[in-house]
Amino acid sequence: MALPSADLGDGTYRNPVLDADWSDPDLLCVGDDFYLTASSFGRVPGLPLLHSRDLVNWTLVGHALQLLEPAKEFTKPRHDCGVWAPSLRYHDDRFWIFWGDPDHGIFQVNASEIRGPWTRPHLVKEGKGLIDACPLWDEETGEAYLVHAWAKSRAGVKNRLTGHRMRPDGTGLLDEGKVIIDADVIPGWFTLEGPKAYRHDGWFWIFAPAGGVETGWQGAFRSRGFFGPYEERVVLEQGDTEVNGPHQGSWVRTGAGEDWFAHFQQRGPYGRVVHLQPMRWGADSWPVLGDEGAPVAVHRKPRLPPQPPCAPATDDDFPGGRFGRQWQWTANPQDGWATQHSGDGLRLSCVRTADAHDLRRLPNVLTQRLPGSPATVEVELRLDSEEPRARAGLAVLGDAFSWIGLQREADGSVRLVHRFAESVGMGAPPTPLGQWRRERDAAPSREAPEGRARLWIESGAGARCRFSYDVGGGRQSCGQVFAATSWRWVGALLGLFARAPVGPGHAGAASFTRFRITSSSR
């Protein structure tokens, strides 16, 4: 770990508690342990699983989804598709995760232990535009329910929540569903989504945001019956703070009886970072979040046993050729993309592809989240491929991208290259073929006489990135500043890749060693 914890060491914490793109977080408390999952969209493995003992210091302990399904639909990158806004619950001595895939329907997986093994995805309800699914098992009556939102891009409707009765075993729904909250009839409310359902104090509660991810607010709804009618209230909004659109969160109660609420903040190229808010119940039995409904920047930690400061891992020495849990492919992986061996270092095969001109279209880019604060990324690279035009490098990947790395030339030499490509318009697919903006040189190439390089990306304020390298003569800056960009819903990523043009036979490999991310601000 090279990035700092949100724990300030004096009994307080600072927000965000997870300063990277852990989108659409959902919290769960089981015994003395807290767990969090988040949207993983089209990356694999999906459904990250984080663990904490104090809601401030978090570690990544695994993933619940090893392949996206239907598998044939995710052999190529679909960056803004896949897993949207999962809900993590514990029922009948099992962990459950439900989520909506906007193109296929509502899925669930479950496991007896948080680290798995998890079941294969089960399709609970097929359909287009069914998103942000959340189950609710009513311990008082034994009934089970499910609530979900709608994606207008697929279903033609939004701003409403639909409720269903559900089989207690979570395998299917028992009715066609009913709109239980129609925000079109609530003055000023739009883009209602992301519901989380709870039972508390004789009420059915649904926490759900509205107003859009960049400038919206967090709402709470309550009813005596699951199917309504519901009262509503805004319980968290930006106010005079710098936290725009505090959005789409979840409530958890600690063993000490304290209530806390986690939500995201949309931060442009960084994606959706996670904040933790204190929560209490007011005299009128409505929840009060943050500082009287406004987000807090620094606050007392939860009253829980002290924990050592920690944050999700970023660094990797790739022991035995294995990569850490922080890495995800940009599509369902294939055998042979990364090979294990007896030493340290990641060996990526130079996968042959007709899309070698565009990282956004490659399924074999190994990625992790871009830190939400200034940081320096570095890695050592050796290009072992003898294939002309074989390339490997370190990238900042989003709707626009830039990378620095090595390329084998036709004369057998290896050169340091730095290339970039402009935005294609929030990840929209190219039509007709060829309208993707192909990558271009960001700086003149330079000889790398030993076929190796040390590579750096310095990400500064606003995710403005500067590239540099060392091919034996000391560290040198390279090219212009590159402003990282997100996709529509996904923050910019750091990526490692190896690729080669279409042709016969194996194209060789590239080796990456000593990957590090070092904070530049704290």
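Author: Two strands count as paired when DSSP finds at least two bridges between them. The model discussed here is predicted, and the definition can be applied at once to strand β28 (residues 375–383).

Reader: What makes β28 and strand β37 (residues 509–519) a pair?

Author: Eight bridges join β28 to β37, in the antiparallel sense. The definition asks for at least two bridges, so β28 and β37 qualify as paired. Among these bridges, leucine 383 has alanine 510 in β37 as its partner.

Reader: How many bridges support the pairing of β28 with strand β33 (residues 452–459)?

Author: The pairing of β28 with β33 is antiparallel and rests on eight bridges. With a threshold of at least two, β28 and β33 are therefore a pair. Here valine 379 is bridged to leucine 455 in β33.

Reader: Why is β28 described as mostly covered?

Author: Seven of the nine residues of β28 are buried. Buried means a relative accessible area under 20%, so seven residues of β28 fall below that cut-off.

Reader: What makes serine 52 a buried residue?

Author: The relative accessible area of serine 52 is 1%. The limit is under 20%, and serine 52 is therefore classed as buried. Serine 52 belongs to strand β4 (residues 46–52). Beyond its neighbours within four places in sequence, serine 52 is in contact with Asp32, Asp33, Phe34, Asn57 and Trp58.

Reader: Which atom does the side chain of serine 52 reach, and what makes this a polar contact?

Author: The side chain of serine 52 lies 3.0 Å from the backbone nitrogen of aspartate 54. A polar contact requires a pair of N or O atoms within 3.5 Å, so the distance satisfies the cut-off.

Reader: Why are β10 (130–137) and β13 (178–182) called edge strands?

Author: The open, antiparallel sheet has the order β10-β11-β12-β13. β10 and β13 each have a single partner strand, so one side of each is left without a neighbour in the sheet. Direction ignored, neighbouring strands of this sheet are turned by 25° against each other on average.

Reader: How do you know that β10 and strand β11 (residues 144–150) are paired?

Author: β10 and β11 are joined by six bridges in the antiparallel sense. Since at least two are needed, the pair is established. Proline 135 stands opposite leucine 146 in β11.

Reader: In what order do the strands of the sheet containing β14 run, and which are its edges?

Author: That open sheet has four strands in the order β14-β15-β16-β17, with antiparallel pairing. Its edges are β14 (196–200) and β17 (231–236), each of which pairs on one side only. From one strand to the next, the twist averages 30°.

Reader: What makes strand β15 (residues 203–210) a partner of strand β16 (residues 217–223)?

Author: Seven bridges connect the antiparallel strands β15 and β16, so the requirement of at least two is met. Proline 209 lies opposite glutamine 218 in β16.

Reader: Which strand contributes the largest share of the lining of the second largest pocket?

Author: β14 does, with four residues. The second largest pocket has a volume of about 570 Å³. Among its 19 lining residues, Arg89, Tyr90, Leu136, Tyr198 and Arg199 are closest to the centre.

Reader: What makes the largest cavity a cavity rather than a pocket?

Author: A cavity is space where a 1.4 Å probe fits but cannot get out, whereas a pocket is open. The largest cavity holds about 280 Å³ of space. Of its 23 lining residues, Leu3, Asp19, Ala20, Trp22 and Pro312 lie nearest the centre.

Definitions and conventions. Residues are numbered from 1 along each chain as its sequence is written. This is a predicted model: local features need pLDDT of at least 70, side-chain atom pairs count only at pLDDT 80 or more; totals for chains, interfaces and linings use all residues. Side-chain values use heavy atoms; hydrogens and water are left out. Axes are lines fitted to C-alpha atoms, for helices over the stretch in contact, and angles run from 0 to 180 degrees between N-to-C directions. Buried means under 20% relative accessible area, exposed over 50%, partly exposed in between (1.4 Å probe, protein chains only). A polar contact is a pair of N or O atoms within 3.5 Å; within protein, one must be able to donate a hydrogen and the other to accept it, and residues adjacent in sequence count only if both atoms are side-chain atoms. Contact means heavy atoms within 4.5 Å. On a 1 Å grid over the protein atoms alone, a cavity is a set of points where a 1.4 Å probe fits but cannot get out, and a pocket is an open set with protein on both sides within 12 Å along at least five of seven lines; lining residues have an atom within 4 Å of a point. Grid points are joined across faces, edges and corners, and a volume is the space filled by probe spheres set on the points.
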